[in-house]
Amino acid sequence: MSSWNFVGIIAWIIVIALLIFVVFNIRNRHLKILVQQKKKITGVTILTDLLEIVVVILAVSGMLYTSLFTKVDLNDKDNIVVSYKYNPMIVQTTNDGQGYYVKINKQESSSSTDVYQYWLNNSKYTVSSQNATVSDATLPFTVSGLRLNWPVKKIKKLDSKYQDAYVITMQAKYKNNFRNGLGLKANRFAMEYRVLRVPASSFINVKK
């Protein structure tokens with residue numbers, strides 16, 4: 001774990017300590033007014049209670065948002081580093097001898113997603129269409145729904161090297177800095193996305 005994440009751990013400890021302090025502080029003040037001073041709870045006391053509760057809610061909400069609910073911005077170079085890996089795919093054959101690189105298994109798919117299967121170094125890999133797309137090399141290189149500047153020049157070179165049959169794996173990782181440490185994300189993977197590059201749509205085997 002990155003040492004920057006201790007910033008988030010310390011922040012959570014402070015927030016929890018603040019919560020405990022507020023609970024006991026409200027309780028003790030009320031007991032002092034009701035038991036020792038034998039007075040009624042006034043509007044000032046209630047207002048003080050509400051102010052302390054609001055501070056705790058804001059602190060907890062802020063930490064939860066920073067830790068769990070922030071979206072990954074792949075173009076945020078201050079907090080995200082993006083890297084790419086390229087691996088050639090291995091051709092497979094159907095029973096009738098037709099070669100293919102990617103199998104779309106409709107039997108394992110839901111109504112909104114597909115399941116892609118491909119082979120690298122004789123090992124089979126499976127990925128959901130939510131985290132991957134198939135790219136037909138006969139068409140211009142595009143990846144819909146993912147705002148990212150893909151290394152098109154590098155891809156064109158690899159098209160020639162791997163004969164348009166390879167996997168581009170994009171990995172986004174949180175940088176080591178205060179902001180990511182506060183959210184307990186420093187040096188952790190933010191997301192991974194794969195582009196399955198095939199020479200043409202005829203190299204896709206759709207199993208229904």
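Me: How many salt bridges does a search of the whole structure find?
Reply: Keep in mind that this is a predicted model. A pair gets counted when a Lys or Arg side-chain nitrogen sits within 4 Å of a carboxyl oxygen of Asp or Glu. Searching the whole structure for such pairs gives a total of 5.

Me: Which parts of the chain does the D49 and R29 salt bridge link?
Reply: The two side chains meet with N to O at 2.5 Å. In sequence they're 20 residues apart, so this pair links distant parts of the chain. D49 belongs to helix α2 (residues 43–69) and R29 to helix α1 (residues 5–36), which makes the answer helix α2 and helix α1.

Me: What residue does E52 form a salt bridge with?
Reply: The partner lies 23 residues away, in helix α1, while E52 is in helix α2. The closest N and O atoms are 3.5 Å apart, and the partner is R29.

Me: Which residues are joined into one network by salt bridges that share partners?
Reply: R29 pairs with D49, and R29 also pairs with E52. Shared partners therefore make one network of R29, D49 and E52.

Me: Is D49 buried or exposed?
Reply: Buried means under 20% relative accessible area. D49 comes in at 7%, so D49 is buried.

Me: How many residues apart in sequence are R197 and D159?
Reply: These two form a salt bridge, with the closest N and O atoms 2.9 Å apart. R197 is in strand β9 (residues 189–198) and D159 in helix α3 (residues 152–161), so the bridge ties together parts separated in sequence by 38 residues.

Me: What is the relative accessible area of R197?
Reply: Its partner D159 counts as buried at 13%. R197 is buried too, with a relative accessible area of 3%.

Note on methods. Residues are numbered from 1 along each chain as its sequence is written. This is a predicted model: local features need pLDDT of at least 70, side-chain atom pairs count only at pLDDT 80 or more; totals for chains, interfaces and linings use all residues. Side-chain values use heavy atoms; hydrogens and water are left out. Helices (H or I, at least four residues) and strands (E, at least two) are DSSP runs, numbered from the N terminus. Buried means under 20% relative accessible area, exposed over 50%, partly exposed in between (1.4 Å probe, protein chains only).
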